[in-house]
Amino acid sequence: MMIDAFRTLFWREFDSINAGAQYFHVKAVTVKRWLDGTTPPNPMAEKLLIIKARGYLPNDTRWSGFRVDEENGFLVTPDGHKFNPKDLDAYPLWRGEYLELLRRHGHIKGRVQVQPPREHPKPFRGGRRCEAAPWIPIRDKIKK
């Protein structure tokens, strides 16, 4: 990472040098040296800064646009929807209840098309991008 990019990202994420020093567990003088270009930033500090700027999510195309709201502990979607950990934990149950409701009472609401969750491509494996493996149920594996 170039020093200008590090400096820009640092000031976007932190209000003061002391806040950055506390986050990186170094002294303020070290952060000052990184910012003025006297010494290059520690590579792990660069990685931590990028992770913090991305909102603690992986640098992957599947997570683009998502972020984590640190103050409230919410996962924020690209559309602006916010989910707390309890919502995410209960999501499979909600989806199951919704599908059962449609199965039992779908005639009331009319013709509702249920869409399965979208499949996402795998990011990287072994340093290179690979194709997603077809999904095979566990019980099919056991029978063979």
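Follow the chain from start to end and you get the pattern α-α-α-α-β-β-β-α-α. That adds up to 6 helices and 3 strands. Keep in mind that this is a predicted model. Of the chain's 144 residues, 17% count as buried. As for how the chain meets itself, take the contacts with a separation of 6 or more: 30% of them join residues 24 or more positions apart.

Let's start with helix 4. This helix runs over residues 43–54, which makes 12 residues. From its first C-alpha to its last it reaches 17 Å, close to the 16 Å expected at 1.5 Å a residue. Which of its residues are buried? They are Ala45, Glu46, Leu49 and Lys52. These four cover an arc of only 130 degrees around the axis, so they end up on the same side of helix 4. There is a simple rule behind this kind of spacing: an α-helix has 3.6 residues a turn, so residues three or four places apart point the same way.

What lies over that buried side? The cover for the buried residues of helix 4 includes the elements below.

| Covering element | Residues |
|---|---|
| helix 1 | 3–13 |
| helix 2 | 17–24 |
| helix 3 | 28–36 |

Turn to the face of helix 4 that points away from the buried side, and you find the exposed residues Pro43, Met44 and Lys47. The ends of this helix are worth a look too. At the N-terminal end, asparagine 42 acts as a cap, with a side-chain oxygen 2.9 Å from the backbone nitrogen of methionine 44. After helix 4 comes glycine 55, and its phi is positive, near 85 degrees.

Two of the covering helices also pack against each other. Helix 1 and helix 3 have their axes 8 Å apart and meet at an angle of about 130 degrees. That angle makes helix 1 oblique to helix 3. On the helix 1 side, the contact is made by Ile3, Phe6, Arg7, Phe10 and Trp11. Helix 3 brings Val31, Trp34, Leu35 and Asp36 to the contact.

Now over to the strands. Threonine 77 sits in the loop between strand 2 (74–76) and strand 3 (82–83). Is this loop residue buried or exposed? Threonine 77 has a relative accessible area of 13%, so it is buried, as the cut-off for that is under 20%. Leaving aside residues up to four places away in sequence, threonine 77 touches Gly65, Phe66 and Phe83.

Key:
Residues are numbered from 1 along each chain as its sequence is written. This is a predicted model: local features need pLDDT of at least 70, side-chain atom pairs count only at pLDDT 80 or more; totals for chains, interfaces and linings use all residues. Side-chain values use heavy atoms; hydrogens and water are left out. The expected span of a helix is 1.5 Å times one less than its number of residues. Buried means under 20% relative accessible area, exposed over 50%, partly exposed in between (1.4 Å probe, protein chains only). The arc is that of the directions from the helix axis to the C-beta atoms. Contact means heavy atoms within 4.5 Å. A polar contact is a pair of N or O atoms within 3.5 Å; within protein, one must be able to donate a hydrogen and the other to accept it, and residues adjacent in sequence count only if both atoms are side-chain atoms. Axes are lines fitted to C-alpha atoms, for helices over the stretch in contact, and angles run from 0 to 180 degrees between N-to-C directions. Angles under 35 degrees count as roughly parallel, over 145 as roughly antiparallel, 65 to 115 as roughly perpendicular and the rest as oblique.
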